[in-house]
Amino acid sequence: RTSERYASDVRLHISPVIGGIRLDHLQAAEAQMVLSKMLRAGSAPRSVRNCYRVMRLALKHAVEKGILQVNVTDAVKPPRLESIELEIPSLEEVRHILNLADSTAYGLVLRFMASTGCRRGEALGLEWRHVDLENGTASIVQSLQRIGTTGLRFVPPKSAKSRRSVALDEHTVEMLRSHRGGQILAMAQLGSTYEDNGLVFPGLLGKPLDPRTLTRNFEKLARHAGK
């Protein structure tokens, strides 16, 4: 996904402005123009800073390879980011949303995320073989992501820190036990219609659940709860 975003920044913003300029003729003012044009077009400061980072890293690489003597983006000023004050929901508000979610197909995975702090992709990529209900732990070793036109893919965590074991409280362990029993029953009833991928939180017929689907339904629940 990061690679796709970098390629998109180059294609949509960087190349149209400075793509026709020889590297050794590139000036800081021309690099600055990339950012200015984005801002005039209404791009968010964070998006502009991300594009600046792509351009800066590319030119840094050119300097390291001896293609350039100077990285002209050293003199380019990206826009500042305004600090955003997050509105953290109260415990009662979280409970309200989860209670609403219980009547949907997404209640279990949302409760799991709330109790463990797992990210959306980590929860949807979790497999039963990575869950130890006896010892109350779940190993986070992969994440489910939608990668452009490639579709859904299981990818390793971004960093070593993200690859971790999370503790499961008693309530979560019991919830997962019950969920596993229901899943096995559904597999027996549906037979070959069910595609068993070993996932803890799959879609209705066993296939991976698109993270965007979970997000859209969570947003509906949050709006219904007044958040």
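**Notes on the predicted model: two helices, one pocket and four side chains**

1. Asn-71 sits in the loop between helix H3 (45–64) and H4. The model is a predicted one. Asn-71 has 8% relative accessibility, and because the cut-off for buried is under 20%, it counts as buried. Its side chain has two polar partners to check. The backbone oxygen of Arg-56 is reached at 3.2 Å. The side chain of Thr-73 makes a polar contact with that of Asn-71 at 2.5 Å.

2. What else surrounds Asn-71? Setting aside neighbours within four places in sequence, Asn-71 is in contact with Arg-56, Leu-59, Lys-60 and Val-63. Arg-56 thus appears twice for this loop residue: in the contact list and as the owner of the backbone oxygen that the side chain reaches.

3. Next, H4. Ile-97, Leu-98, Leu-100 and Ala-101 are buried in this helix. These residues cover an arc of only 160° around the axis, so they lie on the same side of H4. Leu-91 and Glu-92 are exposed, on the other side of H4. H5 and H8 are included in what covers the buried residues of H4.

4. Helix H8 comprises residues 211–224. Does its length agree or disagree with the expected rise per residue? At 1.5 Å a residue, its 14 residues should span 20 Å, and the end C-alpha atoms are 20 Å apart, so the two agree.

5. Which residues of H8 are buried? They are Pro-211, Thr-213, Leu-214, Asn-217, Leu-221 and Ala-222. Viewed down the axis of H8, the buried residues fall within an arc of 170°, so they line one face of the helix. The general pattern is simple: an α-helix has 3.6 residues a turn, so residues three or four places apart point the same way.

6. The cover over that face comes from several elements. Among what covers the buried residues of H8 are helix H4 (91–101), helix H5 (107–116) and helix H6 (120–124). Strand E3 (143–147) and strand E4 (151–155) are also included. H4 and H8 are linked in both directions: H8 is part of the cover for H4, and H4 is part of the cover for H8.

7. Look at both ends of H8. At its start, a side-chain oxygen of Asp-210 comes to within 2.9 Å of the backbone nitrogen of Arg-212. After the helix comes Gly-226, with a positive phi near 85°.

8. Arg-223 belongs to helix H8. Is Arg-223 buried or exposed? Its relative accessible area is 55%, and because the cut-off for exposed is over 50%, Arg-223 counts as exposed. Its C-alpha atom is separated by 25 Å from that of Pro-208, and the two residues are 15 apart along the chain.

9. The largest pocket has a volume of about 470 Å³. Helix H1 (2–18), H6 and E3 are the elements that give two or more residues to its lining. The lining has 20 residues. Nearest the pocket centre are Arg-1, Arg-119, Ser-143, Gln-145 and Lys-158. Which element gives the most to the lining? That is E3, with five residues. E3 also helps to cover the buried residues of H8.

10. Gln-142 is placed in the loop between strand E2 (137–140) and E3. At 14% relative accessibility it counts as buried, because the cut-off is under 20%. A polar atom of its side chain lies 2.7 Å from the backbone oxygen of Gly-125. The side chain also joins that of Glu-127 in a polar contact of 2.8 Å.

11. The contact list of Gln-142 leaves aside neighbours within four places in sequence. On it are Gly-121, Glu-122, Gly-125 and Glu-127, together with Phe-154, Val-155, Pro-156 and Pro-157. Both polar partners, Gly-125 and Glu-127, are therefore on that list, as the 4.5 Å contact cut-off would lead one to expect.

12. Last, Glu-30, in helix H2 (residues 28–40). Glu-30 is partly exposed, at 24% relative accessible area. A polar atom of its side chain lies 2.8 Å from the backbone nitrogen of Gln-27. Beyond neighbours within four places in sequence, Glu-30 is in contact with Val-17, Ile-18, Ile-21 and His-25. The C-alpha atoms of Glu-30 and Val-72 are 9.3 Å apart, with 42 residues separating the two along the chain.

How values were computed
Residues numbered from 1 in each chain as written. Predicted model: local features only at pLDDT ≥ 70, side-chain atom pairs only at ≥ 80, totals over all residues. Heavy atoms only, no water. Helix = DSSP H or I, 4+ residues; strand = E, 2+ residues; numbered from the N terminus. Expected span 1.5 Å × (residues − 1). Buried < 20%, exposed > 50% of the residue type's maximum accessible area, 1.4 Å probe, protein only. Arc of directions from axis to C-beta. Polar contact = N/O pair within 3.5 Å; in protein donor to acceptor, adjacent residues only side chain to side chain. 1 Å grid on protein atoms, 1.4 Å probe; cavity = no way out; pocket = protein on both sides within 12 Å on 5 of 7 lines; lining within 4 Å. Points joined across faces, edges and corners; volume = space filled by probe spheres on them.
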